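Reader: Got a minute to walk me through this one? I'd like the basics before I set anything up.

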Amino acid sequence: AEAIAAAEAADRAAASEAAKKAAEEAAAVGDEWKTVKTKRKKKPMPPPPNQANATAEVDGSGQASLKLEIGEFAGNIIGPGGSRISAIQEASGAKVDVDKATKSCTISGSADAVAKAKEAIIDIIGSQRRQVVELGAKRSLVFGPNGETIRKIQQDSGAHLDIERNSTQCVISGQDDAVDRARA
């Protein structure tokens with residue numbers, strides 16, 4: 001848990017120069033960023049079922065294995081550059097495999113290690129937030145040349161930003177503090 005907290009603290013400590021620059025350039029344009037309610041084209045993904053009571057299967061050698069349904073949160077569990085999943089594995093001692101195709105993750109290791117990793121993953125899923133921001137004329141500033149600025153904002157904040165083609169709305173998702181950092 002300490003390694004995860006340290007990784008998250010490092011994410012928070014990283015100053016987002018690209019985000020600050022984009023915000024300064026956006027301020028020059030004169031628009032205010034507004035949170036908007038939108039009608040989604042796609043049906044929203046339901047949250048994964050409550051899996052706090054899921055138990056690991058233990059084989060004859062004492063190794064435990066547990067499969068969790070993670071829904072649309074695979075990227076949040078993996079983290080920027082794999083940092084969050086690495087921190088979970090280091091802190092718990094368990095191996096965590098995320099399968100984006102099946103929207104599940106498999107945790108394996110000792111029973112204690114699997115329990116620690118499961119708790120960390122459930123905490124991550126439980127702390128996610130999604131916000132839609134109307135960018136208006138600032139869309140190109142946030143996206144940047146060849147997507148460089150949006151990638152930098154995602155890397156520095158730990159949040160995921162999605163801007164659909166021909167849209168001025170940006171969907172920011174991630175942990176509460178990461179969404180706030182990306183929005184800054």
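Author: Sure, here is a quick tour, from the whole chain to a pair of strands and then a pocket. Keep in mind that this is a predicted model.

Reader: Fine. How many helices and strands are in the protein chain?

Author: The protein chain has 8 helices and 8 strands. It holds 184 residues, and 38% of them are buried.

Reader: And what does the accessible surface of the protein chain come to?

Author: About 10,500 Å², with 50% of that belonging to carbon and sulfur atoms. As for contacts, take those between residues at least 6 apart in sequence: 65% of them join residues at least 24 apart.

Reader: OK, strands now. Which way do the side chains point along E7?

Author: They alternate along residues 160–163. Leu161 and Ile163 point to one face and are buried, whereas His160 and Asp162 point to the other and are not. In a regular strand, side chains alternate between the two faces of the sheet.

Reader: In which sense do E7 and E8 pair?

Author: Antiparallel, over 4 bridges. Leu161 stands opposite Ile172 in E8. The hairpin of these two strands has 5 residues between them, and Asn166 there takes a positive phi near 60°.

Reader: I was looking at Ser173. Buried or exposed?

Author: Ser173 sits in strand E8, residues 169–175. Its relative accessibility is 10%, so Ser173 counts as buried, the cut-off being under 20%.

Reader: What does Ser173 touch, leaving out residues up to four places away in sequence?

Author: Asn76, Arg129, Arg130, Ala159, His160 and Val179. That His160 is the E7 residue on the face that is not buried.

Reader: What about Val133, where is that?

Author: Val133 is in strand E6, residues 128–134, and is buried with a relative accessible area of 1%. The C-alpha atoms of Val133 and Ile172 are 7.5 Å apart, although 39 residues separate the two along the chain.

Reader: Switching to pockets. How much space lies in the second largest one?

Author: About 440 Å³. The second largest pocket is lined by 19 residues, and the closest to its centre are Glu72, Ala74, Gly75, Asn76 and His160. Two of those names, Asn76 and His160, also came up as contacts of Ser173.

Reader: Which elements give two or more residues to that lining?

Author: Helix H3 (74–78) and helix H7 (148–157). H3 provides the largest share, 4 residues.

Reader: And how do the lining residues divide by type?

Author: The lining of the second largest pocket has 5 nonpolar, 9 polar and 5 charged residues.

Key
Residues numbered from 1 in each chain as written. Predicted model: local features only at pLDDT ≥ 70, side-chain atom pairs only at ≥ 80, totals over all residues. Heavy atoms only, no water. Buried < 20%, exposed > 50% of the residue type's maximum accessible area, 1.4 Å probe, protein only. Contact = heavy atoms within 4.5 Å. Areas by Shrake-Rupley, 256 points an atom, 1.4 Å probe, with all protein chains shown as cover. Pairing = 2+ DSSP bridges. 1 Å grid on protein atoms, 1.4 Å probe; cavity = no way out; pocket = protein on both sides within 12 Å on 5 of 7 lines; lining within 4 Å. Points joined across faces, edges and corners; volume = space filled by probe spheres on them. Nonpolar A, V, L, I, M, F, W, Y, C, P; charged D, E, K, R; others polar.
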